[in-house]
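Welcome! Have a look at the sequence and the model below, and then we will walk through some parts of it together.

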Amino acid sequence: MERFGFVGLPNAGKSSLYNALTGGGALAAPYAFATTDPNVGVAKVFDERLDRLAEMSASKNVVPASVEFTDIGGLVEGASKGEGLGNKFLAGIREADAIVYVLRAFADVDVPGPTDPLEHLRVLEVELAIADLETIERQIEKRRKAASSTGDRDGLADVAALDAAKESLEAGAPIYRGDVDPGLRERLAPFFLLTDKPVLAVVNVGEDDLDRVDEIIAPVVAELGGRAEVFGACVQLEAEAALLPRAERAELLDGLGLGEGALPRFITAAYHALGLRTFLTTGEKESRAWTFREGSTAPEAAGRIHTDFQRGFIRAEVIQWQELLDAGSWVAARESGRMRVEGKDYIVVDGDVMEFRFNV
Ligand SMILES: Nc1nc2c(ncn2[C@@H]2O[C@H](COP(=O)(O)OP(=O)(O)OP(=O)(O)O)[C@@H](O)[C@H]2O)c(=O)[nH]1
Ligand SMILES: [Mg+2]
């Protein structure tokens, strides 16, 4: 499953956000380094299409898609030199597929720490950049020597990529929002640089500022220049709401003028930022949302359900979710000729409802 790692200063609200997304379990407390060992949890991807299909099929079971979040301890200025929890944060996010910055903008006399989200951003990115520069230093000289003595072209290209990354970081631009040439950037993948991962930012807005969220997040939006999506949310409120039954949660958030809250949108954006898409299956037993990578073929999508489905793939019956709802049932869609039969080269589209024929 795809995983997001939280990165933020102490008391920014990472554990609160984790609780809001996954329904609880992490200690959120008004002192620095409340979190020492990472919390790993799963958040459901809200999907109205799935609910509508489940209703149509009177499904006994409804299984949404999900993504994983890792909540790690806060990092502070100088973390790379051992301040705070030191480099302990590295292990928690090295393997993440994407990073979520949690930036504090709420003021609360009981919760120590800076409240300017841009200051948070600056400290985080400096520490991530230092960690990356250390990785690069470790790799670059030995590779340069090896490649120049053998004239290995691939090796030399790797060194050029590392040089470009180093230059970008030293100029203050994390890789994800710098301008390393795309061809070179591709070569950086095996080095797992922290600033080479996709980024989303959550600005944690105080409960008194809910009527000016856009204004509060504007400087962060401007700084990130479209390279990362930015969400404003009162994390504390949404964490409290997450503990309530669904109907009461909706009532609380809607009563505050927050609609369904910022988190469903955030989770969907997180999912999309990784190039993840959904296809659906529906029936009396179960309706389910399945995750696939954009650009997958029908057999690859089938493989998300079971490897046998991929190995023995014959064909798929496919219909877009809205069309299926319009038809009213799978049988009706088939009889009215709206169901398509697709072969192994079919590129699956987000929102396809599928049934596979296979043979093993
Ligand atoms: N007033 C207010 N308090 C908040 C908000 N979000 C979090 N807090 C409080 O701030 C404190 C710190 O929140 P945590 O979620 O523990 O922060 P953290 O980023 O996990 O902190 P560390 O684990 O120490 O790095 C807790 O007491 C939260 O209840 C908010 O939106 N408004
Ligand atoms: Mg915490």
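Is Val-102 buried or exposed? With a relative accessibility of 0%, Val-102 counts as buried; that word means under 20% relative accessible area, while exposed means over 50% and partly exposed lies in between (1.4 Å probe, protein chains only).

## How to read this model

This is a predicted model, in which local features need pLDDT of at least 70 and side-chain atom pairs count only at pLDDT 80 or more, whereas totals for chains, interfaces and linings use all residues. Residues are numbered from 1 along each chain as its sequence is written, chains are lettered from A and ligands numbered from 1 in the order in which they are written, and side-chain values use heavy atoms, with hydrogens and water left out.

## Val-102 and the cores

Val-102 sits in strand E5 (residues 98-104). Helices (H or I, at least four residues) and strands (E, at least two) are DSSP runs, numbered from the N terminus. Not counting residues up to four places away in sequence, Val-102 touches Phe-6, Val-7, Gly-8, Ala-12, Gly-13, Lys-14, Leu-17 and Val-202; contact here means heavy atoms within 4.5 Å.

Leu-17, one of those partners, also has contacts with Phe-6, Val-100, Val-202, Val-235 and Leu-263, among others, again leaving aside neighbours within four places. In the largest nonpolar core, which has 42 residues, Phe-4, Leu-17, Leu-21 and Phe-266 touch the most other members. Such a core is a set of buried Ala, Val, Leu, Ile, Met, Phe, Trp, Tyr and Cys residues joined through side-chain atoms within 4.5 Å. A second core of 33 residues lies apart from it, with Ala-79, Tyr-176, Val-205 and Ile-217 among its members. In soluble globular proteins, nonpolar side chains tend to be buried together.

## The magnesium ion and ligand 1

Which protein atoms are donors of the magnesium ion (ligand 2)? They are OG of Ser-15 and OG1 of Thr-35, 2.0 to 2.1 Å from the ion. Ser-15 belongs to helix H1 (residues 14-22) and Thr-35 to the loop between H1 and strand E2 (39-44), so this pair, 20 residues apart, links distant parts of the chain. Donors are N, O and S atoms within 2.8 Å of the metal (3.2 Å for Na, K and Ca); because water is not among the atoms, sites may look incomplete. Ser-15 is buried at a relative accessible area of 7%, and Thr-35 is buried too, at 10%.

Thr-35 appears again around ligand 1: of the 26 residues there, Lys-14, Ser-16, Phe-33, Thr-35 and Gln-236 come nearest. A residue counts as near if one of its heavy atoms lies within 4 Å. A backbone N or O atom of Ala-34 is 2.9 Å from an oxygen atom of ligand 1, and a polar side-chain atom of Glu-207 is 3.0 Å from one of its nitrogen atoms. A polar contact is a pair of N or O atoms within 3.5 Å; within protein, one must be able to donate a hydrogen and the other to accept it, and residues adjacent in sequence count only if both atoms are side-chain atoms.

## Helix H5

Helix H5 (residues 153-170) has 18 residues, and at 1.5 Å a residue it should span 26 Å, which agrees with the 26 Å between its end C-alpha atoms. The expected span is 1.5 Å times one less than the number of residues. The buried residues of H5 include Gly-155, Val-159 and Leu-162, and its buried residues pack against helix H4 (117-150) and helix H6 (182-186).

At the N-terminal end, Asp-152 caps H5, with a side-chain oxygen 3.2 Å from the backbone nitrogen of Asp-154. Just after H5 comes Gly-172, with a positive phi of about 90 degrees.
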